Amino acid sequence: MGKFSNTLDKLVERCCKLHLRDWLEGICTDGSLTTVVDTTNRNESDDYFNNFPKPEVYIRTTTDGAAPIGQRRDITDFASGTITVSDAFSVAPASGDTYSIHLEYPRDEVTEAINAAIDDVANEALIDLIDEESIELVSDVYEYDIPSDFLYIYRLTMADDDGIFGEPIPSDQYKIIRGLAIPKIHFIQMPIEMQYTDHYYGELWANSDFTEERKIRIEGLGRQACLLKDTDICKIDPSYVCAQAAMYL
C-alpha cells in the first residue's frame, strides 16, 4: 500500500542526482526567447556544455506559474552565465524562474523510465484511493458505476445534510457487481412486499437512509497511474522507483 507522496519533478531530481549523476540547477537572473541567463550559479567555463552528448535545459518553475514552465530546449552554446538554446521558448524565462540542466540523460527519457518502473509493480504496490465526487444518489436508482481507477473497495460512506461523511454504510447493504464492462455498486433494496414492521431486514440502509443528491465517499485501493505532469504524485517508494528507472537508463 502506497505511503509515500512525491511529485514527478522530485522523482526526476532524485533519480538524476543520486543514481545518474546528471543534474545541475539554478535560478534565472534574466533570459530571452533563446537564452537562460544565470550569473549567480553558472560559473562553468565558456562552451562547457558543448562537450556533452545531449545537453538540455528545462524550466522547472516560474514566478507566475505560467509558460515557459515545463519546456525543455537543447543547449547549443554557453558563455559567461548565458545558456543559448536551439529553439525559442514560447515565453522568455525571467528572473526568479528555476531550471535544471541534463547533460547525458534527457528529461523525457528519465520520465519514461520512471513510468516503466511504476508499471512494473503497479498491480502489487497498490495505493490508497478516495473518491467523494463520482457518485451522487438519485431517487430509486440503486446501481452506480465504479470509478475506473479502483481495483478494490473496502468502505462506502454517505454524506449527511452538511456534506460530512460519518458512519460507513454496512457492508451487507451493498454488493460489487463484477464481470461487466464497467463494474457497479449495487445498493440492496428489499422488495416492497417484504417490508413490514419487525421484519429482520426492515432496516436495511437502502430503504431507511437512501437520500437523493447526497454524495457517496468511496475508499479503496488502485494502481499508481503514470506520471505525466511535474506535479503528478507518486505514492510508491521512491527508493525503488528511482533505482529501477536508473537501471533502465
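Here is a friendly round of questions and answers about this predicted model.

Me: Which residue does E13 pair with in a salt bridge, N to O at 2.7 Å?
Reply: Both partners lie in helix α1, four residues apart, about one turn of the helix. An α-helix has 3.6 residues a turn, so residues three or four places apart point the same way. The side chain that meets E13 in the salt bridge is that of K17.

Me: Is E13 buried or exposed?
Reply: The cut-off for a buried residue is a relative accessible area under 20%. E13 has a relative accessible area of 9%, so E13 is buried.

Me: And what does K17 count as?
Reply: Between the cut-offs of 20% and 50%, a residue is called partly exposed. K17 has 33% relative accessibility, so K17 counts as partly exposed.

Me: Which residues of helix α1 are buried?
Reply: Helix α1 covers residues 8–20, and E13, at a relative accessible area of 9%, is one of its buried residues. The full set is L8, D9, L11, V12, E13, C15, C16 and L20.

Me: Which residue follows α1, and what is its phi?
Reply: The residue after the helix is R21. Its phi is positive, near 55 degrees.

Me: Which residues are linked with E13 and K17 in a network of salt bridges?
Reply: Side chains of opposite charge can pair when their charged atoms come close. Here E13 and K17 meet in a salt bridge, and both belong to a wider network. The other members are D9, K10, E25, R60, R107 and D230.

Me: How many salt bridges are there by this rule?
Reply: The rule asks for a side-chain nitrogen of Lys or Arg within 4 Å of a carboxyl oxygen of Asp or Glu. The pair E109 and K54 meets it at 3.5 Å, N to O. The count comes to 19.

Me: How many residues apart are E109 and K54?
Reply: The side chains of these two meet in a salt bridge. The pair links distant parts of the chain, with E109 in helix α2 and K54 in the loop between β4 (35–37) and β5 (56–61). Along the chain they are 55 residues apart.

Me: What are the relative accessible areas of E109 and K54?
Reply: Both ends of this salt bridge fall in the partly exposed class. The value for E109 is 34%, and that for K54 is 39%.

Me: Which strands do E219 and R155 tie together?
Reply: E219 forms a salt bridge with R155, the closest N and O atoms being 3.0 Å apart. Because the two residues sit in separate strands, the pair ties together parts that are 64 residues apart in sequence. The strands are β15 for E219 and β11 (residues 152–159) for R155.

Me: Is E219 buried or exposed?
Reply: Leaving out residues up to four places away in sequence, E219 touches L129, I130, F150, I153, Y154, R155 and T157. Its partner R155 counts as partly exposed at 34% relative accessibility. E219 has 9% relative accessibility and so counts as buried.

Me: What is the relative accessibility of E56?
Reply: E56 has its place in strand β5. Leaving aside neighbours within four places in sequence, E56 is in contact with R72, R73, D74, I75, S100, I101, H102, P106 and R107. E56 counts as buried, with a relative accessibility of 1%.

Me: How far apart in space are S86 and D74, C-alpha to C-alpha?
Reply: S86 lies in the loop between β7 (82–85) and β8 (98–102). Not counting residues up to four places away in sequence, S86 touches D74 and T76. S86 and D74 are 12 residues apart in sequence, and their C-alpha separation is 5.7 Å.

Me: Which residues does T211 touch, not counting residues up to four places away in sequence?
Reply: T211 lies in the loop between α3 (205–208) and β15 (215–222). T211 is partly exposed, with a relative accessible area of 27%. The residues it touches are L137 and M158.

Me: Which residues gather in a patch of negative charge on the surface?
Reply: One member, D108, lies in helix α2 (residues 107–121). D108 is exposed because its relative accessible area is 53%. The patch is made of D108, E112, D119 and D120.

Note on methods. Residues numbered from 1 in each chain as written. Predicted model: local features only at pLDDT ≥ 70, side-chain atom pairs only at ≥ 80, totals over all residues. Heavy atoms only, no water. Buried < 20%, exposed > 50% of the residue type's maximum accessible area, 1.4 Å probe, protein only. Contact = heavy atoms within 4.5 Å. Patch = residues over 30% accessible without salt bridge, like charges linked within 9 Å, V, L, I, M, F, W, Y side chains within 5 Å. Areas by Shrake-Rupley, 256 points an atom, 1.4 Å probe, with all protein chains shown as cover. Lys, Arg positive; Asp, Glu negative; His and termini not counted. Charge placed at Lys NZ, Arg CZ, Asp CG, Glu CD.
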